[in-house]
Amino acid sequence: MVDVQLQHISRIYDPSRPAAVHRVNIHVRDGEFLTLVGPSGSGKSTCLRMVAGLEPVNEGSVLIGGKDVTELRPRDRDVAMVFQSYALYPNMTARQNMAFALENAGMTKDEINRRVENAAAMLELEPLLDTKPANMSGGQRQRVAMGRAIVREPQVFLMDEPLSNLDARLRVSTRAQIAEMQRKLGVTTIYVTHDQTEAMTMGDRVAVLKDGILQQVDEPMHLYRHPGNTFVAGFIGSPSMALIEQVPVIPGSVTTAQIAPGIEVPIPQEFVGKVEDQVIVGVRPEHWDIEDDGVPVDVTHVEQLGAESFAYVRPAGELPGTLRTGSLAIRLLGKHEIEAGMRISIAPTRCTFFDAETEINFEYL
Amino acid sequence: MTAPTIPGLENSTLTHEPPQRKYKRGTKATLLGLALVLPNLILLLVFTYRPLIDNIRLSFYNWNIASTRPATFVGLDNYIEWAQNPVSWQIVLQTAIFTVAAVAGSMVLGLALALLLDRPLRGRNAVRSLVFAPYVISGAAVGVAFQFVFDPGYGLIQDLLGRVGLDSPQFYTNPNWALFMITTTYIWKNLGYTFVIYLAALQGLRKDLDEAAEIDRTPRLRKFFKVTLPQLRPTTFFLSITVLLNSLQVFDIINVMTRGGPLETSTTTLVYQVYQETFVNSRAGYGAAIATIMFLAVLVITVVQVRMQERDK
């Protein structure tokens with residue numbers, strides 16, 4: 001087993017424009033499952049392809065197991081990759097697809113058969129072994145692509161949005177399957193996704209990218225509770241954290257942030273020295289209470305999801321700050337009587353404070 | 001047991017069959033469709049199917065196009081005569097050799113050049129144009145030009161071989177070398193076609209498969225045969241049919257370079273024989289019979305190819 005180090009790697013297509021990936025520095029530990037998440041165009045796939053060797057590295061180094069592989073060809077890196085398109089060879093059956101790399105390596109027939117049968121059993125692929133990709137469903141192709149990676153017994157798994165072409169239900173079950181399999185095999189894995197739920201549920205750690213720049217690498221729950229900046233705060237969690245900008249800071253015996261006239265939330269003592277006259281306040285949907293003396297808001301619509309529901313609201317009056325997204329989401333716990341068109345009052349129970357200028361969480365300043 | 005009362009399903013018990021719907025294409029749409037295909041259909045009928053049927057009819061007649069005597073019905077005599085003449089089978093063999101060599105040669109070379117020029121090489125656009133250029137030159141002109149290449153007295157090949165002390169083969173008098181010359185010239189002229197089609201196909205290949213093969217550590221040759229070539233299958237099939245049909249019809253190069261000779265028929269193919277019998281020997285019925293035989297042969301080959309392609313899927 002090995003670790004993977006991305007040491008300040010950059011991918012520059014055009015020197016006159018911002019780099020697609022800018023000096024990303026991540027240490028993926030031995031046996032770790034790291035998810036790389038970000039919106040489209042954030043450079044996450046490019047990062048993965050640089051580790052695979054499919055994309056040149058313009059700056060920095062990639063180390064696999066301590067060995068510098070930056071200038072090695074993909075074939076010399078001992079990595080296996082699962083592509084978004086699955087990239088199964090269409091002229092070969094599932095068995096041939098899985099055996100292909102092993103045949104390339106000159107393995108004996110017995111050993112190839114053993115590995116293919118093992119992987120097929122693990123992925124419940126036995127009935128499909130003699131089927132060609134064209135006659136498989138998306139989920140089946142996905143499993144064959146996984147099988148092709150597993151039989152290699154590589155040092156590193158690289159997965160590029162392998163679930164994005166599956167329907168929602170299959171995605172959830174396969175997500176669990178992949179995570180479980182990775183834990184069983186213990187192979188260091190880098191997994192790219194744009195889906196923050198996948199990132200949160202699968203990874204030991206999550207790396208968040210935006211515009212080619214690394215935002216935070218952290219364990220899922222810590223990432224959720226302690227986002228490094230407003231981007232991570234807004235990107236992780238669904239519905240998003242509400243971000244109220246230009247909230248005036250009112251000094252006093254207890255320094256507070258005034259999110260609405262009469263609604264002031266105390267700023268933790270340890271941040272007081274760092275805040276200036278304005279802050280950005282972030283509140284997650286589950287951290288709003290419906291209270292009579294809160295901020296009056298109009299409910300624009302309600303999403304009933306069965307187990308829980310969310311109300312989307314707009315402030316009814318003028319606020320001292322501005323709401324970044326225009327509306328904010330509130331998780332409703334058992335309050336099914338709330339409907340669109342109603343006016344309610346809400347107050348935050350827990351806030352995250354970000355620096356108005358750098359948008360960084362004060363915890364990290 | 002009482003009927004279940006699941007919301008929304010209370011009224012789903014049928015009291016009578018729901019009306020069955022049939023969708024007919026309107027007369028208007030049918031007429032429009034007919035009107036749209038009619039111009040092409042007329043052209044096909046007049047210029048393709050009518051001559052084809054006329055030709056088959058003519059093959060049962062004895063008709064000297066140089067005389068004023070009317071054609072006489074002879075039944076299958078033309079076919080029997082053709083089949084009993086040993087020269088006919090020699091010509092069939094020559095046609096087969098020429099066609100197989102032309103199809104295989106131009107496809108293999110075309111693919112090789114396409115693979116070479118698909119890479120980012122300096123000046124590849126100029127080379128691409130050069131490779132394609134012969135295809136747009138008329139066959140007669142190519143034939144004339146290649147006489148300067150193959151002429152045993154002063155040709156390019158004679159000159160090159162002379163430098164290493166060898167004599168040039170007798171391209172115009174030795175039957176085998178003559179067929180070789182015709183085939184080579186034909187391949188050279190048609191290489192541009194297979195090259196361009198293969199090049200287009202190569203540029204449309206899936207990149208992810210290439211990358212997967214690289215990650216799978218596939219050796220180069222194995223990658224070509226196991227990953228690249230299978231993806232080119234539809235192109236290969238298309239080319240095999242079109243090149244085959246084109247090469248069966250070659251006339252201009254033969255007419256300019258050898259007139260079917262040496263020894264009268266050493267480079268005569270079926271098409272050239274049709275021309276010879278019809279217009280040189282004035283035996284239109286006999287020529288029509290050969291043309292019909294050829295038509296049937298091509299039909300069979302094409303059907304077999306299509307079947308093979310379908311089975312492949």
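**Notebook: cavities and a sheet**

I began with the largest cavity, and S15(A) gives the most to its lining, with three residues. Reminder to self: this is a predicted model.

I looked up the size of that largest cavity next, and its volume is about 70 Å³. I then went through its lining, which includes A:Trp288, A:Val295 and A:Val297, along with A:Leu328 and A:Ile346. I sorted the lining by class and got 10 nonpolar residues, no polar and no charged.

Since S15(A) had come up, I followed it into its sheet. Four strands of chain A make an open sheet, ordered S18-S16-S15-S19, with antiparallel pairing. S18 (328-332) and S19 (343-348) of chain A are the edge strands with a single partner each, so one side of each has no neighbour in the sheet. I noted an average twist of 55° from one strand to the next.

I checked how S15 (residues 288-304) of chain A holds on to S19(A): seven bridges join them, and they run antiparallel. A:Val297 has A:Ile344 as its bridge partner in S19(A). I'd already met A:Val297 in the lining of the largest cavity.

Back to the cavities: I found five of 30 Å³ or more in the structure. The second largest has a volume of about 60 Å³. I saw that its lining draws on chains A and B, with A:Phe83, A:Arg148, A:Arg152, B:Ile215 and B:Asp216 among the residues. H4(A) gives the most here, with three residues. By class, I wrote down seven nonpolar, no polar and three charged residues for this second lining.

Technical notes: Residues are numbered from 1 along each chain as its sequence is written. Chains are lettered from A and ligands numbered from 1 in the order in which they are written. This is a predicted model: local features need pLDDT of at least 70, side-chain atom pairs count only at pLDDT 80 or more; totals for chains, interfaces and linings use all residues. Side-chain values use heavy atoms; hydrogens and water are left out. Two strands pair if DSSP finds at least two bridges between them. Helices (H or I, at least four residues) and strands (E, at least two) are DSSP runs, numbered from the N terminus. Axes are lines fitted to C-alpha atoms, for helices over the stretch in contact, and angles run from 0 to 180 degrees between N-to-C directions. On a 1 Å grid over the protein atoms alone, a cavity is a set of points where a 1.4 Å probe fits but cannot get out, and a pocket is an open set with protein on both sides within 12 Å along at least five of seven lines; lining residues have an atom within 4 Å of a point. Grid points are joined across faces, edges and corners, and a volume is the space filled by probe spheres set on the points. Ala, Val, Leu, Ile, Met, Phe, Trp, Tyr, Cys and Pro count as nonpolar, Asp, Glu, Lys and Arg as charged, and the others, Gly among them, as polar.
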